[in-house]
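Biologist: I would like a close look at one part of this model, a strand and its pairing partners. Please take the rest only as far as it helps the picture.

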There are 2 protein chains.
Amino acid sequence: MHAKSIRVGMAGCGTVGCGVGDLLIRDHDALAARTGLDIRLVRVAIRDVCKSRAPHVPDAIITGDLATLNRADVDLVVELIGGTTVARQVVLSAIAAGKDVVTANKALLALHGPEIYAAARAAGVGVLFEGSVCGGLPVIGGVLRGLIANRIDAFEGILNGTCNYVLTEMLVAGKSFADALADAQRLGYAEADPALDINGTDTAHKLAVLATLAFGVHADFATIPVEGITRIGLVDLLAGHELGFACKLLAVGRMTEDGPALYVRPTFLTREHPFVGVDGRGNAVSFYGHSVGHVMFKGMGAGGGPTASAVVSDVVEIALGNGRRTFTQLPMFDTAAATRQAAMRPTAPARFYVRCAARGGAAAVSGIADGLRGAGVAVQEARPFTHPAVAAEGTYVILLTAPTMESTMRAAIDGMQKGGAATEAPVYLPVTDPFVSSNP
Amino acid sequence: MHAKSIRVGMAGCGTVGCGVGDLLIRDHDALAARTGLDIRLVRVAIRDVCKSRAPHVPDAIITGDLATLNRADVDLVVELIGGTTVARQVVLSAIAAGKDVVTANKALLALHGPEIYAAARAAGVGVLFEGSVCGGLPVIGGVLRGLIANRIDAFEGILNGTCNYVLTEMLVAGKSFADALADAQRLGYAEADPALDINGTDTAHKLAVLATLAFGVHADFATIPVEGITRIGLVDLLAGHELGFACKLLAVGRMTEDGPALYVRPTFLTREHPFVGVDGRGNAVSFYGHSVGHVMFKGMGAGGGPTASAVVSDVVEIALGNGRRTFTQLPMFDTAAATRQAAMRPTAPARFYVRCAARGGAAAVSGIADGLRGAGVAVQEARPFTHPAVAAEGTYVILLTAPTMESTMRAAIDGMQKGGAATEAPVYLPVTDPFVSSNP
C-alpha cells in the first residue's frame with residue numbers, strides 16, 4: 001500500500017516537536033492512508049534526554065547526540081530546536097550530509113537564509129519552512145506556489161499571536177500592558193521571555209521570510225525598521241477605538257519605485273481594513289497580486305498542533321518528491337541571482353495618530369497642534385483625551401494628521417520633544433486604510 | 001536562463017482565457033524570471049475564430065480545431081471552454097494523448113471527476129484544477145498540500161460571488177432580488193443566464209470538488225441537497241439583520257459518524273461567525289483540521305485575472321514536475337480506492353429561522369407557533385415582522401426555534417402548509433454558529 005517510504009530525524013522535541021510526534025507516530029496509519037506514503041519518525045535528538053517529551057515518541061528513538069541525525073538511516077531532518085546557533089549547525093550539517101531539511105525556525109532563515117539556501121542548492125537538497133510563518137496557515141505554499149503567477153505588489157500581516165492577544169485584551173478587558181502580557185504567558189501564548197514577541201523581532205523575522213517569497217529579495221535583517229508594542233498604552237487603544245481604529249502590530253512589505261519597503265510597526269486600521277476582527281491569538285496575512293488582487297489567510301496561526309501541521313505538510317512534499325524540486329528550481333532561493341535589498345520605511349504619505357501626556361493638560365492642545373503645524377504637518381484634529389480607565393494617568397492630548405510623509409512626521413515629533421511641549425516622547429502611529437490593489 | 005521549457009495549448013479564450021493569455025504572453029519574461037521556466041502558449045483553440053479574444057494572443061496561434069491541442073508540439077492542455085460535453089471530450093482526449101491537463105471547470109469535475117481522474121492516473125498524467133474553486137484563492141493547494149497532515153473535520157465556504165453580491169446588495173441598498181441580480185449581470189459578476197449561480201448548482205459543483213480533497217470522497221452529485229437563494233426575500237434579510245444574523249449561501253462539508261455530510265443552503269450566520277464581513281463579490285472558505293484548527297481563505301475569488309492566476313499556478317506546478325507527481329501519488333484521486341459516498345444533510349440539530357406570510361396577520365402568530373410546537377419544535381421567539389421597505393408585501397410572521405433536527409423541522413414545515421396557517425410555503429433557514437473545532 002505504501003508507495004514510498006521516508007525516514008525522518010527530528011532535532012528538538014518541545015511544543016511543536018510533540019505535535020510532530022503526534023502526527024507522525026500516533027497518526028501514522030491515517031497519514032499513510034491520506035498520502036500513500038510511509039513516513040516514519042526514526043530518531044529524535046534532544047539536548048537533555050531527561051526532559052518531558054511527546055507521549056507518542058518511544059524511548060528507543062530518543063538520543064542526546066545531534067550528529068546521529070546525519071546517519072544514512074535518516075532521509076530528512078526536521079529542525080525544531082529554535083535559536084540560530086545550534087540550529088544553524090544542525091541544518092548546515094544535515095545539508096552537507098545530503099539530507100533534505102524542514103524547519104519552522106524563522107529567526108534562522110531571517111538571519112542566515114541566504115547561507116542555508118546556497119548550501120542546500122549546492123548540495124541539491126531542499127529546505128522547506130511552511131511552519132516558520134503563521135504556524136498552520138499555508139501562507140508559504142500559498143504565495144510560493146498558489147500566487148506564483150503574480151507580481152506581488154504588497155503584503156501585510158499580523159504575524160505574532162502574543163502581541164495580538166495583548167492588544168486585544170488591553171482594550172476588551174481594560175487590562176494594562178503588563179497584566180495582558182502576564183496573562184499571555186500564563187496561558188502559554190507567549191514565551192517565558194517574551195521580549196522577541198513584544199519588541200517586534202519575531203514579527204520581523206517572519207516578514208523577512210515572506211519578503212524572499214513575495215519579492216525574491218533577501219533583506220539585510222539588521223536594516224529592517226522594527227517597532228514593537230511596548231510603548232502602546234491602554235490610552236492609545238481607547239482613543240483609537242473612539243476614532244474607529246483598531247491597533248495591530250503589522251508587518252508590511254510594499255514594492256515601491258525604489259525597491260521593496262519592509263517594516264514592522266504598530267498601526268491603526270480603519271474600519272474597512274480586512275484585518276479588523278483578527279483578534280486574540282489570531283494571525284492573518286494578505287497578499288496583493290497584479291492578477292489575483294487580494295488574497296487573505298486567517299486563522300489561529302501558531303501553537304503546537306498548527307505548526308506541526310505545517311511541518312508535516314513539508315515532510316509530505318519532500319516525500320512526494322516535490323519539495324526538493326520546488327526549492328532547487330525556483331530562482332528566489334538562488335541567492336547569487338536574487339537581490340539583497342536594504343529594507344526601508346515606505347515613502348508614501350500616511351495619516352498619523354499622535355498622543356502625548358502634555359504639561360498644562362487640555363490647555364496645551366493648541367500649543368502642541370501649532371508646533372506640529374509649524375513643522376509642516378497638517379493637523380486635522382487635536383483634543384484632550386480622558387477615559388475613566390486611564391484617569392489616574394493624567395490628561396492626554398491626541399492629534400490626527402492629514403496624510404504626511406514619515407520623514408516630516410519624524411522631524412515634527414523630534415521637535416515636540418526638544419520644544420518641551422510634551423512631557424515624554426510622544427507615541428505616534430500611522431493610520432492605514434485597506435491597500436488599494438492594482439487589480440480591483 | 002530557462003531551465004525548462006513547456007508548451008501550453010489552451011481550449012477556449014473567454015474571460016479566464018484572456019487572463020491566461022495576459023499572464024503567459026504579455027508577462028512571459030516576468031514569469032520566467034520568477035519561476036526559472038520558459039512557459040509558452042503555443043496554441044489557442046476556440047470554437048468561433050471570429051470572436052474577440054485576448055489582445056496579447058497572436059492570430060498565428062489561434063485555431064478552430066480542438067484536436068490540434070493533442071499534437072506532439074503541445075505538452076499541456078488548459079481547458080477553459082466550460083460545460084461538460086465538449087470540455088469532457090477535450091480533457092479525455094488530451095489525457096489519452098499523454099498531455100497533462102489544467103482546468104478550472106468545476107462542473108466537469110463534479111459530474112465526471114472520477115472518470116477523468118481514473119483516465120489520467122492510467123495514463124500517468126496529472127489533472128490540476130486550482131482555478132475551479134474560488135478563482136485565485138489558493139484553496140485547492142491549501143487543503144491538498146498545506147493541510148494534508150490533517151484529518152479535516154469540516155469545511156464551509158461562500159463559493160459563489162454572484163449570490164453573495166445579490167444578498168449583500170438587497171440588504172445594503174434595499175434592492176429587490178430581481179434588481180440586485182440585474183445589477184450583478186450588468187456589472188459582469190453573473191452569467192447572462194445566472195440560473196446555475198442562484199439555484200446553488202455552481203456552489204454545489206465546487207463543494208463536490210472540495211469534498212474530494214478534504215474527505216477523499218467522490219460524491220454522487222445528484223444526491224447532494226442543494227437549495228439556492230431564489231426564495232430569500234428582502235424581508236428575510238431585514239428580519240435576520242434585526243436578529244443579528246447575516247444571510248449567506250453556504251456550502252458545507254461535515255464529517256459525521258455516518259460519513260461525510262455535504263449540502264448547499266442559504267444560512268444565517270451569527271455575529272461571531274468568521275464569514276461575517278465577507279460581502280459583495282467576496283469568496284471565503286474555512287477548513288477545520290484536527291491538528292491545525294481553523295484556517296480561512298478570503299478574497300475576491302472569481303473573475304478573469306484571479307482565475308487566470310490559479311490556472312497559471314497549476315501550469316507552473318506541472319512545469320516544475322510537481323503537478324503530475326502530486327496527482328498520480330495521492331490516493332484521493334485513485335477512484336478505485338476512494339469512497340463514493342452519497343451526500344446527505346447533517347444530522348446535528350440547529351436553530352431555525354422561519355418566515356411566513358400568514359392569514360390574519362399579527363393575530364396568526366400564536367397559531368403558527370403552536371402549530372410548530374405541536375410538531376415537536378421548541379419555538380424560542382415568534383412575532384409579526386414589518387419593515388417600511390417591505391410594507392407593501394403585507395404582514396409576516398417570523399419565528400426562531402431552539403436547536404431542532406432537520407427532519408423534525410421539515411415535517412413541521414410540511415404540517416404548516418397542510419394546516420393552512422401559512423398562505424405560501426414558509427421560508428426556513430438554519431442559524432449557524434462558528435464551527436467548534438476539535439482543536440481549540
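In β15(A), which residue is the bridge partner of Arg355(A)?

Modeller: This is a predicted model, and what follows should be read as such. The bridge partner of Arg355(A) in β15(A) is Val427(A). Arg355(A) also has a partner in β14(A), namely Ile398(A). The strand to look at is therefore β12 of chain A, residues 351–357, where 6 of the 7 residues are buried, so that the strand is mostly covered. Its pairing with β15(A), residues 427–432, is antiparallel and consists of 5 bridges. With β14(A), residues 396–401, β12(A) is again antiparallel, over 5 bridges. As a general point, side chains in a regular strand alternate between the two faces of the sheet.

A second strand of chain A can be described in the same manner. Strand β11(A), residues 293–299, is mostly covered, with 7 of its 7 residues buried. Strand β10(A), residues 283–289, runs antiparallel to β11(A) and is joined to it by 7 bridges. The connection between β10(A) and β11(A) is a hairpin of 3 residues. Within this pair, Gly299(A) of β11(A) is opposite Asn283(A). β11(A) also pairs across chains: 5 bridges join it to β11 of chain B, residues 293–299, in the antiparallel sense. There, Val295(A) faces Gly299(B) of β11(B).

Turning to a helix of chain A, Asn164(A) lies in α6, which spans residues 161–173. Asn164(A) is buried, at a relative accessible area of 1%. A polar atom of the Asn164(A) side chain is 3.1 Å from the backbone oxygen of Gly280(A). Beyond the neighbours within four places in sequence, the residues in contact with Asn164(A) include Ile158(A), Lys248(A), Val278(A) and Asp279(A), as well as Gly280(A) and Gly282(A).

The cysteines remain. Over all chains, the structure has 0 disulfides. Cys247(B) is in none, and the nearest cysteine sulfur, belonging to Cys163(B), is 10 Å away. A disulfide needs two cysteine sulfur atoms within 2.5 Å, so Cys247(B) does not qualify at that distance. Cys247(B) is buried, with a relative accessible area of 7%. Cys356(B) is likewise in no disulfide, and the nearest cysteine sulfur to it, that of Cys247(B), is 17 Å away. Cys356(B) is buried as well, at a relative accessible area of 1%.

Note on methods. Residues are numbered from 1 along each chain as its sequence is written. Chains are lettered from A and ligands numbered from 1 in the order in which they are written. This is a predicted model: local features need pLDDT of at least 70, side-chain atom pairs count only at pLDDT 80 or more; totals for chains, interfaces and linings use all residues. Side-chain values use heavy atoms; hydrogens and water are left out. Buried means under 20% relative accessible area, exposed over 50%, partly exposed in between (1.4 Å probe, protein chains only). Helices (H or I, at least four residues) and strands (E, at least two) are DSSP runs, numbered from the N terminus. A polar contact is a pair of N or O atoms within 3.5 Å; within protein, one must be able to donate a hydrogen and the other to accept it, and residues adjacent in sequence count only if both atoms are side-chain atoms. Contact means heavy atoms within 4.5 Å. Two strands pair if DSSP finds at least two bridges between them.
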